[in-house]
Amino acid sequence: MRGASISWPEIERERSRLLKDQNEVPMLDLGAGSQSKARTVAEIAQSALKRPRHARALAGLASYLETAVVLELGTCLGITTAYLGKHATSVTTIEGNPALAGHAEDIWRRLNVQNVTSIVGDFDDVLPSLPPLQYDLIFIDGNHRGAALMRYVNELAPCLSEKGVIVCDDIHWSRDMEAAWDELIQENRWSLRVDFYEWGLLTANPSLAREFHRIRF
Ligand SMILES: C[S@@+](CC[C@H](N)C(=O)[O-])C[C@H]1O[C@@H](n2cnc3c(N)ncnc32)[C@H](O)[C@@H]1O
């Protein structure tokens with residue numbers, strides 16, 4: 001991955017600001033995350049966002065694939081969305097917690113990221129009514145439950161462009177997620193499948209051989 005050559009200090013300055021922000025955000029029970037009623041922005045920034053190295057790797061992947069159209073499930077505070085926005089033509093991102101989506105919008109404004117469309121709602125409600133686009137990169141980073149991951153991949157696979165990839169975050173987060181990942185990589189519809197530990201990548205790109213790899217980075 002080309003993450004090493006990617007650097008967005010202005011995004012990291014926003015992350016640093018979030019890590020000091022003691023304002024509370026009301027939490028909703030949407031997925032397999034926190035069950036608490038409220039958390040500080042700083043706590044959320046510390047625990048839920050992709051670390052800089054992984055956000056850079058994802059942006060590197062988008063850049064390598066010459067990704068135009070991106071879909072992200074799980075905006076949170078919008079930091080990874082900002083990285084993706086810098087390397088894609090357009091990003092659609094979905095978040096179930098309106099308070100978090102509001103913070104993210106504010107961050108993109110400050111970063112002058114103008115190619116992001118934010119949709120607020122539960123993934124299950126939003127996915128059936130997505131605009132009929134072909135996505136080059138779909139990043140699934142929310143509701144880390146095995147059954148939900150299977151459902152999202154099944155629903156989104158027909159929306160992939162010919163060479164498009166799905167990146168499933170946290171495939172080793174729980175036994176349940178590992179079982180779903182193991183099932184997904186057996187499916188015949190995928191050609192290349194890669195376990196990057198932090199996330200799993202699936203593509204049906206017909207010009208690639210049907211292979212499975214494990215790569216730690
Ligand atoms: C791990 S965070 C996303 C982090 C973000 N992609 C980043 O790296 O900057 C997951 C987000 O998904 C949202 N989420 C979880 N389950 C959801 C669901 N069923 N519908 C909509 N949003 C959901 C949570 O509110 C949370 O903000």
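Trainee: How many bridges join β4 to strand β5 (residues 116-120)?
Mentor: This is a predicted model, in which local features need pLDDT of at least 70, side-chain atom pairs count only at pLDDT 80 or more, and totals for chains, interfaces and linings use all residues. Residues are numbered from 1 along each chain as its sequence is written, and side-chain values use heavy atoms, with hydrogens and water left out. Strands here are DSSP runs (E, at least two residues) and helices likewise (H or I, at least four), numbered from the N terminus, and two strands pair if DSSP finds at least two bridges between them. Strands β4 and β5 run parallel, and the number of bridges joining them is 5.

Trainee: Which residue in β5 does Ile94 stand opposite?
Mentor: From β4 the chain passes through helix α5 (residues 98-111) to reach β5. In β5, the residue opposite Ile94 is Ile119.

Trainee: Why is strand β4 (residues 90-95) largely enclosed by the rest of the structure?
Mentor: Buried means under 20% relative accessible area, with exposed over 50% and partly exposed in between (1.4 Å probe, protein chains only). Strand β4 is largely enclosed because the number of its 6 residues that are buried is 5.

Trainee: Which residue has a polar side-chain atom 2.8 Å from a nitrogen atom of the ligand?
Mentor: A polar contact is a pair of N or O atoms within 3.5 Å; within protein, one must be able to donate a hydrogen and the other to accept it, and residues adjacent in sequence count only if both atoms are side-chain atoms. A polar backbone atom of Gly74 is 2.8 Å from a ligand nitrogen, and a backbone N or O atom of Gly96 lies 3.0 Å from one. The residue that makes its contact through a polar side-chain atom, at 2.8 Å, is Asp141.

Technical notes
Right-handed = clockwise from strand over helix to strand, strands pointing away.
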